[in-house]
Amino acid sequence: LPPYCFFTVFALSALAHQMQMESVAPKNIFQAKVSGSLVHLAIGGCLLTITWIGLFYLFPRGEMLSFAHQASNQRIMGFSETFRLGEVGSILDNPMVVMRVRPIFGSSPVQNQKMFNDTLLRGKSYSAYNAGLWTREGYQSHVVQVWRNKGVFEISEIPGDNRPSAVLEILLENTDPPVLFVPAHTTNIITRLPYFLAESDGSLFFERRRTGMEAYQATVKLGPLNLNFLHFVPFSDTPTAMLPFFSTLGISEPVREIADQLASLTPYIPDRIQRVMEYLKTNCVYSLEETPSGIRDPVAYFLTSSRQGSCEHFASAMTLLLRSMNIPARPVSGYLMSEWNEFGQYFTVRQRDAHAWLEVYWPNIGWVPFDPTPASRDTQSISLLEKFVGVKALWNKFEAWWFMYVYRFDQSVQAE
């Protein structure tokens, strides 16, 4: 695009020069020839620019001509087979765009922003803990042939959940590892992919990542989940697949003591979960300060000494406290939607929006997400340029225009 913009500016300048020269009689033949050559060049540049723009919008690029090549996919951190406390905090200054999420079939832009702000985008979960390191042990994967159901992948819905639904379109950049991020409380996914990989924890992956940006839709339930109608029925016989999430291996004695104190306040499982949430938000604060080296158990240090940490500390602490109460839980890594582009009417999700929370298993219902990190969490750094009035608004306008009419312009957008 820049060469064509240069040609356009040059052509307009040459035409203006020719008009000025024609108003004055040329002094010699050489001057007249140079002037005529500039006119021909200007006309050629204008025709080339017009032709390029016409071809671009009449015949938008396909997958083979995508701007993002497989070799240039972007590496995202925090989604490997291990998850170490402090990992998310170290990447919160990275502005790289991971995806954009656009509400469709929804309400007004203002209502969309309010409804979907702070939506959790699930990536991976973890099972085993040891000295500040989580691993994905015991998970198995299988191929889901989505094409058999016309591109629709159904996710189990909570019985009796009468919350209204809306649709989000996720426009995922060419990232590695090839995680397919799923918004919290999703009931189904619609994709053009013929198949993808699904693991036993519900994590989804591209089996063969295509070049360029991947677009898919998710139907989600709106608003917080009402836990009053979720009756926690204890397992009569714990399934083998659930044993890792009851495991107390790696949980230190100080963590167990805090769990016993909180459990003694109420015998009911939902109340115990709420007690742990309130305890963490009341006694601990959000901070990106790193844990000092030499600490054997960062979670115990977080709960008993520093009482400050990042989202991984809050999620890990609540997971281990619940497991100490014999409540199945696991931490999850993903992203948090918070940066709204009012001109493009979509959320921009960057690497610095990486987040961690946890899921608690309800028998006969499934995994329910909980986020114990205080609401004061603020990961968006503002540059000096953005502090000037109007600069950020102008940039959002340009980004929205570039994204919708240049970067994303393909057959699907042309059809819309």
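Start with one pairing: Glu359 of strand S22 has Pro369, in strand S23, as its bridge partner. This comes from a predicted model, in which local features need pLDDT of at least 70 and side-chain atom pairs count only at pLDDT 80 or more, while totals for chains, interfaces and linings use all residues. Residues are numbered from 1 along each chain as its sequence is written, and side-chain values use heavy atoms, with hydrogens and water left out.

Let's stay with that pair of strands. S22 (residues 354–362) and S23 (residues 366–370) run antiparallel and share five bridges; strands count as paired if DSSP finds at least two bridges between them. Helices (H or I, at least four residues) and strands (E, at least two) are DSSP runs, numbered from the N terminus. Three residues sit between the two strands of this hairpin, and Asn364 has a positive phi near 70° there.

S22 also pairs with S19 (residues 329–336), again antiparallel, through seven bridges. Within that pairing, Ser333 is matched with Ala356 of S22.

So how many residues of S22 are buried? Nine of the nine are, so the strand is largely enclosed by the rest of the structure. Buried here means under 20% relative accessible area, with exposed over 50% and partly exposed in between (1.4 Å probe, protein chains only). In a regular strand, side chains alternate between the two faces of the sheet. On one side of S22 you'll find Ala354, Ala356, Leu358, Val360 and Trp362, and on the other His355, Trp357, Glu359 and Tyr361, with both faces covered.

Now hop over to helix H6 (residues 298–306), whose buried residues are Pro298, Val299, Ala300, Phe302 and Leu303. Their cover includes strands S5 (128–130) and S18 (308–309), along with helices H4 (253–263), H5 (269–283) and H7 (311–324). At the start of H6, a side-chain oxygen of Asp297 comes within 3.2 Å of the backbone nitrogen of Val299. Just after the helix comes Arg307, with a positive phi near 55°.

Zooming out, the protein chain holds nine helices and 23 strands, and 47% of its 416 residues count as buried. Among contacts (heavy atoms within 4.5 Å) with a separation of 6 or more, 78% are between residues 24 or more positions apart.

How far to trust all this? The chain averages a pLDDT of 77, and 66% of the residues score at least 70; pLDDT is the predictor's confidence in each residue, from 0 to 100. Residues 59–72 fall below 50, though the stretch has 31 contacts in the model beyond near neighbours in sequence. Where pLDDT is low, the predicted coordinates should not be read in detail.

Notes. A polar contact is a pair of N or O atoms within 3.5 Å; within protein, one must be able to donate a hydrogen and the other to accept it, and residues adjacent in sequence count only if both atoms are side-chain atoms.
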